[in-house]
Amino acid sequence: MGSRHYVIIGNGISGITFARQLRKADAQARITVISGESPYFFSRTALMYVFMGQMKWEHTQPYEPQFWVKNRIELHQGWVEGLDFSAKNLIFDSGERMSYDVLVLATGSKPAFFGWPGQELKGVQGLYSKQDLELMEENTQKPIKRAVVVGGGLIGIEMAEMLGYKKIPVTFLVRETRFWEQVLPEAEAELVGKHILEHQIDLKLGTELKEILSDEEGRVRGVVISSGEELACEFVGLTTGVTPNVAFLRNTDLAIGKGIKVNEYFETSVEDVYAIGDCAEFEQVPAPDRRNIEQVWYTGRMHGETLAQHLCNGPVAYQPGVWFNSAKFFDIEYQTYGQLASQWAPDSLRSFYWAHDGGRVAFRMQLDLEGKILGAHNFGFRLRHAFFDRAIRERWSGEQVIAKLGEANFDPEFFAPYYMAIQQAFQTQFGGNFPLPKRSFIQKLFGAGV
Amino acid sequence: MKKLELLGLALFIFGMTVFTALPFLGSYTLSEANVLAQVKEIHREKVSELLKPMVGKDYGSTRAFLAGYASQMDPYNEALKAAQQWDQVIWDDYGFALAKAAYQGPSRSQPWLWLVLSIGAAVLGGFLYHLRGFSKDTAGGVHAGVFHSPVKNRGLLGLLTGSYLILFYVVLYWFPAYLVGLVWMVEPLSRMLSGGPASQWFLYGLVYTLAILVMGIRMFRKYRDNRYQQLRTASIIFFQTAFAFLIPEVLVLFNQPYFDFKNIWPLDYDFFYDYQLSSLLSGGGLGVFMLVWGILLIVIAVPVFTYFYGKRWYCSWVCGCGGLAETVGDPFRHLSDKSLTAWQWERWLIHGVLALAVLVTGLTLVNYFAGFKLLGDLTNQLHSFYGFAIGSAFAGVVGTGFYPLMGNRVWCRFGCPLAAYLGIVQRFKSRFRITTNGGQCISCGNCSTHCEMGIDVRAYAQQGQNIVRSSCVGCGVCASVCPRGVLKLENDNEEGRIHDFPILIGNNSIKLKL
């Protein structure tokens, strides 16, 4: 099986991680990566920084062109239009065909639009691909008096920040009564909401988009919101989530739900065809705390790692570890580890929360009824991944976690030691018998205070 | 831009215009007394005779004056050279000293006024311009927009800035006589500090220190929420102002050798040169202390401090070249080349310069202790070559002049022999590293983009590896620009500092090498 031809559709983080890991495990394999979006792998998470002049496009590419030559990973730019599973062939929109021995679908997502009237107008767009970035640059060339961003999630806030960089006033429509309601408890959502307002974003909570209005030339001229009010705007960003990019596979033999159906080995319903990353939908959730479709950078990377091992040294089933994620809301960094409920009954778990008076720094940890850690997240300061991964895997008690919080601190040297304030607050609220650390002489002299 | 910033910019441009125009104002009239005062005793008679035709004549420009000087001196020297009478040749160039003495211009009669109009206006302008910089109202954070700026992204203004800096360094090193109008303006200040006359180096030191101060204020604004950057900037300003600028001048006032207590061989490449050794050894107790101090810095301070804190203790907290790079050069940090090819060039060049510095110094010492019988004049020629190629062309013209073209650490990355030495210690025996926070990297590339040393930080971070690189100066900007809190500069146990088998956290399916 030395020189099987592996063909990967999609050069995002899952497809590329798979290709790299495959090359490490199998020196013989012929590897081809196909993408219509861009010739080289780039970091989707950096699109906003290109828009804001913080990076150039070439900086988003983690590997130099020579890397692919050196590792004998063939890159093929083009859009796949159809698949012939019986002949093991891909058909490109140019009519060209390519044969494969093993096919890995890593086609990612596309922005989810929910059938709003006017969603196809000029000046209305999502933000996911390189093409979306280029479109957004084009759409914001002309002066814009107001932009409307729809959807209270992570891409929405990035888009608001991008528009803010161009000094475009933004109205941010969030259907829920608070920001990122599915994930953030009330206090944290309020903290982020306040920060959004600090950036002069007109945040409208509990507000839905009803209709997008057109001018004579088919460009957006305004939106109608759930109150019936009409808002004039020249740009609408639709960031109400993403959906697996599988439209071109719908009429094939592949079993497809919302995404491409796979088992724990990423096997699809067709032999020698696998699906990883955003486009894969697990028949059974990979872990009790996970969903059927995992659409974050980190899970895409893990799918790629795991499938490469499965195909070369298998069988290896996908078994995710302790959940983690991160984001940034304008100036406030956010990291999360393990499982945190956004809403909970008072007797279902114990929740410890500490927030700094400045309104930009906060920490929450949730414990089960025995006092063991379930998860924690932090805003405006940094905590060590390895520390919380271990604490949650080993089911440390909340007291143990807080007692050692100094080891978890990941802020730069001389920054305010927020962990000390958290330790103090925990002792006050939850008790606990551990010594409170004191600031060193150097820290007192030069370090920032809480 | 609001009014205050516009006023600042206008003042800065005004000051820089006066600074640039001043060398073209004024005229030169040489007197016999000038020649006698400026020329060494052994040359006095001959030079007075040669320059007699110049005395009393009015020269309208520096160029004309220098042409007059050359037309008298060159034929004499050429004739001696042709006759191979090498020891008779007047090797000393009295151009600068005589031009300064002969100068008749506004900055000589009213030095303080012109100092205020040029450097003073530029400094005040720069200060006002940055006073309210990096406002919190705008989205995007402090690193946004650099690639949309015509100055910071090699646009026309960037090229002009670079050209101006390059031109300034070329004039400073090889045509200093053109600067005498500016030097006169700082004459009274020099008299106050050292009791002696001002040279082009005093002028340069003053401008250098003020530039670090003004752009340091910009750093305080930019990083007002970042204590690490604030302390680092304060440290740089302190060491430049006190150690590099004031203390050496004051030492001269007290008849002690001019000495920068924080400059370390081999960056301070003439530390072991014969004339330097003679000066220190004849400088009494303090001179000997300086010599011992300088040697202790090389053999104790560098390895010990670098072991505990990494080379950052010097490169981005103490060093003058680093100080300029971290303040004046900060707007250009993202222009460094991140390619593998650049890294290969870097390793050959910087270690090549280190080898050259060691060789030149070694030969000098051998020759010195052999009483110059071994190599004779050869070491002097080596010194001239090193001083020209490395000290002036590389460190000055390329190192600083190329900020707007190749980033702010060209010298530190490709040329500085001390950085090479510190880097070797940092790479092989140090507690310093940049820790990667587990599996949290999203490969966005902000760290690599904004690394002034051209390190591809992301290449390590995205594999969960710590960053241990000899070139890292520990500026801390990668940690600051990272949107996910992935990077932390740390001094910790040597164990586990370099992961050979990094495992990304969070995937229980396999534990694999990346």
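**Exercise 1. Where is the kink in α14(B) centred, and about how many degrees is it?**

Before we start, note that this is a predicted model, in which local features need pLDDT of at least 70, side-chain atom pairs count only at pLDDT 80 or more, and totals for chains, interfaces and linings use all residues. Residues are numbered from 1 along each chain as its sequence is written, while chains are lettered from A and ligands numbered from 1 in the order in which they are written.

Step 1. Find the helix: α14 of chain B covers residues 284-309, 26 residues in total. Helices here are DSSP runs of H or I with at least four residues, strands are runs of E with at least two, and both are numbered from the N terminus.

Step 2. Check its span. From first C-alpha to last, α14(B) reaches 35 Å, close to the expected 38 Å. The expected span is 1.5 Å times one less than the number of residues.

Step 3. Look for the bend, meaning the angle between axes fitted to the seven residues ending at a residue and the seven starting there. The kink is about 40° and is centred on B:Leu297.

Step 4. See what comes next: B:Gly310 follows α14(B) and has a positive phi, near 80°.

**Exercise 2. Work out which residues of α14(B) are buried and what they pack against.**

Step 1. Set the cut-offs: a residue is buried with 20 or more other C-beta atoms within 10 Å of its own, exposed with 12 or fewer, and partly exposed in between, with C-beta atoms placed from the backbone.

Step 2. Pick out the buried residues, among them B:Met290, B:Gly294, B:Leu297 and B:Phe305.

Step 3. Follow their packing. These buried residues of α14(B) lie against α13 (274-281), α15 (312-315) and α21 (417-428) of chain B.

**Exercise 3. Describe the side of chain B that touches chain A.**

Step 1. Count contacts, where two residues qualify if their C-beta atoms, placed from the backbone, lie within 7 Å. On that basis 41 residues of chain B meet 50 residues of chain A.

Step 2. Name the contributors: α12 (227-253), α22 (446-449) and β5 (487-491) of chain B each supply at least two residues to that side.

Step 3. Sort by class. Ala, Val, Leu, Ile, Met, Phe, Trp, Tyr, Cys and Pro count as nonpolar, Asp, Glu, Lys and Arg as charged, and the others, Gly among them, as polar. That gives 15 nonpolar, 22 polar and 4 charged residues on the chain B side.

**Exercise 4. Which prolines follow a cis peptide bond, and where do they sit?**

Step 1. In chain A, the bond from A:Gly314 to A:Pro315 is cis, with omega near 0°. A:Pro315 sits in the loop between α7 (297-313) and β21 (324-329) of chain A.

Step 2. In chain B, the bond from B:Trp265 to B:Pro266 is cis too, with omega near 10°. B:Pro266 belongs to the loop between α12 and α13 of chain B.

**Exercise 5. Are A:Arg72 and A:Lys167 buried or exposed?**

Step 1. Start with A:Arg72, a non-glycine with a positive phi of about 50°, found in the loop between α3 (65-70) and β3 (73-77) of chain A. A:Arg72 is exposed because 12 other C-beta atoms lie within 10 Å.

Step 2. Turn to A:Lys167, another residue other than glycine with a positive phi, near 60°. Its loop runs between α5 (154-165) and β11 (170-174) of chain A. With 12 C-beta neighbours inside 10 Å, A:Lys167 also counts as exposed.
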